[in-house]
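The following exercises concern the open and enclosed spaces of a protein model and some of its individual residues. Please work through each task before reading its solution.

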Amino acid sequence: MALIVNRAISAIQPHARQLLLVHVSRAKAPNLPCTIQVAHLTTTHGMPAKRKYAPWPYEKRPYNSLYQFIDHTRKRFDDNTKIILIEGNIAVGKSWFGEQVAKEFDMQFVPDWKDKKVFLSGNNFDLRTLNAQLPPRSGFCDIPAFYGHTATPALMKTFGRTQLLMYYHHFHYYVRALEHLLNTGQGIVMERGVFSHMVFHNVLHKMGHLSGNALKYLNFVYDNTVCEMWRPHLVIYLDAPIDFVRTMINKRNIGWEAKSPIITDEFLRTMDRFYKEKYLPYMSKYSEVITYDMTDLPEWEIIVEELESLDLDTQPFDNEDKFKDWQSEFEDDYNLMRMNLAKKWQIDNLFNMSKPWDAPELMTHPEDLDVVYQVVREHPEVKYKCGYNPQTTNVLLKW
């Protein structure tokens, strides 16, 4: 709670003479006739925006309950303090489009989450190097091994566990992006946000690569965690026909992707359908959603003008949920969210849920627990905190 200052305000009413004690951060302006002002996105033409207040050094000095007394959040906000997600099918040009938008409005561009980070531990030790010592059903199956179909059938069946790990890390990725916005006032353009994990879960299930119970558990984790995050202001969906997507996949020529027996045209059509039938309708309840056809993209100047014309603040009369995460009148709510994002242990606690007993492929096989413990948990790069491995670092004088 922010600094509590009570101010005695006289109630100027003809038949009432009393004093009202009003919290200073929750005192409202008089309800007088006025024109509602809307802050639209404002292009900086590729130049850095001039900000009145310096960014808070949240990486070195996490925001806490003490700092809230001296540093409020919304004082750094400007027209471009927004979160924009760039979504679309595989290889449609999300990175290029996102970088252009971020440059145009002086926002921070956050590229797509790389799954290899899921398997890094300690001092960038790759857990996948331990697969040879583990039973295949308890190994680590990454995206290239799965989509390239180079893993054993037993290891392929563990990809649901990888999806669960990817969602956990992608969730923290979005937390850091939101934390950056609240501590600096700089907007975020993010390629494929954490919210679109629902698409991949459903597509993998539809294509027979994920069991019904595994999908049920993944959706359970999704529903009970993503609701704690503030949703974006804008979702830009880059639409494209399947033949265009296939051409772009072949053009960037990533081996496991271009020659994948899993990423078929039916796979791409299913993903496009779930985006349009599930994801976009869901996000449109909370955010503004616009679509661009990548085969008939307007001139960039026209796109910028369209983005500048969007009202990303005003809730429509028929949808009170749109932008509701950003509608609070109280500074306390923004400060509280900023503090919660800094408490990574508290973010981790969101994932303390019951085990997926009905979906054993999401867990380590019981017969392999001892092997996994000896090979993985007891490995020095996993057992010790980064920089404290006694086999590679002198930790005698470390505290």
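**Exercise 1.** How much space lies in the largest pocket? Determine also which residues and elements line the largest pocket.

*Solution.* The model is a predicted one.
Step 1. The largest pocket holds about 1,100 Å³ of space.
Step 2. Its lining comprises 29 residues, of which Arg161, Leu164, Leu165, Lys355 and Arg377 are the closest to the centre.
Step 3. Two or more lining residues come from each of β5 (120–121), α4 (159–184), α6 (212–225) and α13 (369–377).
Step 4. Sorted by class, the lining of the largest pocket contains 20 nonpolar, five polar and four charged residues.

**Exercise 2.** Describe the second largest pocket in the same manner.

*Solution.*
Step 1. The volume of the second largest pocket is about 820 Å³.
Step 2. Among the 30 residues lining the second largest pocket, those closest to its centre are Asp112, Trp113, Arg252, Trp256 and Glu257.
Step 3. At least two lining residues are supplied by each of α1 (94–104), α2 (143–147), α4, α5 (197–206), α7 (242–252) and α8 (255–258).
Step 4. The lining of the second largest pocket divides into 14 nonpolar, six polar and 10 charged residues.

**Exercise 3.** How many cavities of 30 Å³ or more does the structure hold, and which residues line the largest cavity?

*Solution.*
Step 1. There is one cavity of 30 Å³ or more.
Step 2. The largest cavity contains about 40 Å³ of space.
Step 3. Phe119, Gly139, Phe140, Cys141, Thr158, Arg161, Thr162 and Leu165 form the lining of the largest cavity.
Step 4. By class, four of these residues are nonpolar, three are polar and one is charged.
Step 5. Arg161 and Leu165 appear in the lining of the largest cavity; Arg161 and Leu165 are also among the residues closest to the centre of the largest pocket.

**Exercise 4.** Is methionine 198 buried or exposed?

*Solution.*
Step 1. Methionine 198 lies in helix α5.
Step 2. Its relative accessible area is 13%. Buried means under 20%, and methionine 198 is therefore buried.
Step 3. Methionine 198 and aspartate 223 are separated by 25 residues in sequence, while their C-alpha atoms are 9.5 Å apart in space.

**Exercise 5.** Is isoleucine 70 buried or exposed? State also which surface patch contains Ile70.

*Solution.*
Step 1. Isoleucine 70 is located in the loop between β2 (19–23) and β3 (83–88).
Step 2. Isoleucine 70 counts as exposed because its relative accessibility is 63%, and exposed means over 50%.
Step 3. Together with Leu66 and Phe69, Ile70 makes up a nonpolar surface patch whose accessible area is about 340 Å² in all.

Methods. Residues are numbered from 1 along each chain as its sequence is written. This is a predicted model: local features need pLDDT of at least 70, side-chain atom pairs count only at pLDDT 80 or more; totals for chains, interfaces and linings use all residues. Side-chain values use heavy atoms; hydrogens and water are left out. Patches are made of residues with over 30% relative accessible area and no salt bridge: like charges are joined within 9 Å, nonpolar side chains (Val, Leu, Ile, Met, Phe, Trp, Tyr) within 5 Å. Accessible areas come from the Shrake-Rupley method with a 1.4 Å probe; for residues, only the protein chains shown count as cover. A salt bridge is a side-chain nitrogen of Lys or Arg within 4 Å of a carboxyl oxygen of Asp or Glu. Helices (H or I, at least four residues) and strands (E, at least two) are DSSP runs, numbered from the N terminus. Buried means under 20% relative accessible area, exposed over 50%, partly exposed in between (1.4 Å probe, protein chains only). On a 1 Å grid over the protein atoms alone, a cavity is a set of points where a 1.4 Å probe fits but cannot get out, and a pocket is an open set with protein on both sides within 12 Å along at least five of seven lines; lining residues have an atom within 4 Å of a point. Grid points are joined across faces, edges and corners, and a volume is the space filled by probe spheres set on the points. Ala, Val, Leu, Ile, Met, Phe, Trp, Tyr, Cys and Pro count as nonpolar, Asp, Glu, Lys and Arg as charged, and the others, Gly among them, as polar.
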